[in-house]
Amino acid sequence: MPNQTDKERSKASISNQSSEKLLQLIEFLSEQEEPLRLLDISRQTGMNQSTASRFLSALKSRGYVAQNFQNGKYSLTYKICRIANNVSCRMDMRHVSLPYLRSLSQIFGCTSNLVVEYDLSVMYLEVVAGPRQMLVPLQRIGIVAPLHCTSAGKLILTEFSEEKMQELLKVKGLPKYTDHTLTTEEALRRELAQVAKQGYAFDNEECELGTRCVAAPLRDFSGRIVGAISVNGPAVLMTDEYIHQKLPQLLAIAGEISAHLGYEQDGKAAN
């Protein structure tokens, strides 16, 4: 009788095989010039019809596959292109933003970051330390942080639909990280209204005591916020006076990056 380890290995092997077949099916459909019947898909991929049907149903439920209601044929939708576009956009954002982040770090003397939304959180795509400044773990590339208590996260939240906001509240909640964290929906919504009005956001020691942060939005050709650049540093340095003195430069740099991403303001390119 196999032990638990053997069972786990067997389950992992089956899962891997299923994943490979699903990816094979997606790749196969992407190469087709016209929609296909289930029977044709089954024959050409070497999958039995029940397996192919199960995978197609899963892809259909997620919006990656469409089925013609008249002839029952299947084809990929353009949703798969959105994934590719997101990856491309983020690669472009990193490439474009890096020299600007270096300038920001020099201007503020603090750490600068490129931040995007990821799974109802924010993720740091790029980080540049300020002169003679050590990076703290939270700001390392690839690290995720909460939306409700980070300056970049607040900017992203201003464009959340009501449905997505409710999902955030249900799934993530508004956990307390410091005595300054906004932990009620009412307080957060008031903050977001102010952020939307002024066009930038603060983290006033809400995520980590002793650290303040300010962020400006990055917009793409559609005008949608696709990320943010932020600067964080010790609260003793990042005073209100200090931040507002350098804020115009942060906003100008965010505008230049947005222009590279195709954003046009008032009908004219931001740069």
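Helices here are DSSP runs of type H or I with at least four residues, numbered from the N terminus. The model is predicted. With that numbering, H2 is followed directly by glycine 46, which has a positive phi of about 80 degrees.

Helix H2 covers residues 38-45, and threonine 45 belongs to it. The buried residues of H2 are Asp40, Ile41, Ser42 and Thr45. For threonine 45 the relative accessible area is 12%; because buried means under 20%, this residue qualifies. Its side chain makes polar contacts on two sides. The backbone oxygen of isoleucine 41 is reached by the threonine 45 side chain at 2.7 Å. A polar atom of the side chain of threonine 45 also lies 3.4 Å from the backbone nitrogen of methionine 47. Leaving aside residues up to four places away in sequence, threonine 45 touches Gln24, Leu25 and Phe28.

Helix H6, residues 162-171, has Met165, Leu168 and Leu169 as buried residues. Viewed down the axis of H6, these buried residues fall within an arc of 95 degrees, so they line one face of the helix. The general geometry is that an α-helix has 3.6 residues a turn, so residues three or four places apart point the same way. The buried residues of H6 pack against two helices, H5 (151-157) and H7 (185-198). On the face of H6 turned away from the buried side are the exposed residues Glu163, Lys170 and Val171. Just after H6 comes glycine 173, with a positive phi of about 70 degrees.

Glycine 173 leads on to histidine 148, since the two are in contact: histidine 148 touches Lys154, Leu157, Gly173, Leu174, Pro175, Tyr177, Thr181, Leu182, Leu188 and Glu206, with residues up to four places away in sequence not counted. Histidine 148 is placed in the loop between strand E5 (144-145) and H5. Its relative accessibility is 3%, so histidine 148 counts as buried. A polar atom of the histidine 148 side chain lies 2.9 Å from the backbone oxygen of proline 175. Between the C-alpha atoms of histidine 148 and arginine 189 the separation is 9.9 Å, although these residues are 41 residues apart along the chain.

The aromatic rings come next. There are two aromatic pairs by the centre-distance rule. One of them joins phenylalanine 108 and tyrosine 242 in an edge-to-face arrangement, 6.4 Å centre to centre and with 75 degrees between the planes. This pair links distant parts of the chain, with phenylalanine 108 in helix H4 (residues 79-108) and tyrosine 242 in helix H8 (residues 240-260), 134 residues apart. Phenylalanine 108 and tyrosine 242 are both buried. Tyrosine 200 and phenylalanine 202 have ring centres 5.7 Å apart and planes at 80 degrees, so this pair is edge-to-face. Tyrosine 200 is buried, at a relative accessible area of 14%, and phenylalanine 202 likewise counts as buried at 14% relative accessibility.

Charged side chains also sit over rings. Arginine 54 lies over the face of phenylalanine 55, at 5.1 Å from the ring centre. The charged end of lysine 79 is placed over the ring of tyrosine 64, 4.6 Å from the centre of that ring.

How values were computed:
Residues are numbered from 1 along each chain as its sequence is written. Side-chain values use heavy atoms; hydrogens and water are left out. Buried means under 20% relative accessible area, exposed over 50%, partly exposed in between (1.4 Å probe, protein chains only). A polar contact is a pair of N or O atoms within 3.5 Å; within protein, one must be able to donate a hydrogen and the other to accept it, and residues adjacent in sequence count only if both atoms are side-chain atoms. Contact means heavy atoms within 4.5 Å. Rings of Phe, Tyr and Trp (its six-membered ring) pair if their centres lie within 6.5 Å; planes under 30 degrees apart count as stacked, over 60 as edge-to-face and the rest as tilted. A charge sits over a ring if NZ of Lys or CZ of Arg is within 6 Å of the ring centre and within 35 degrees of the ring normal. The arc is that of the directions from the helix axis to the C-beta atoms.
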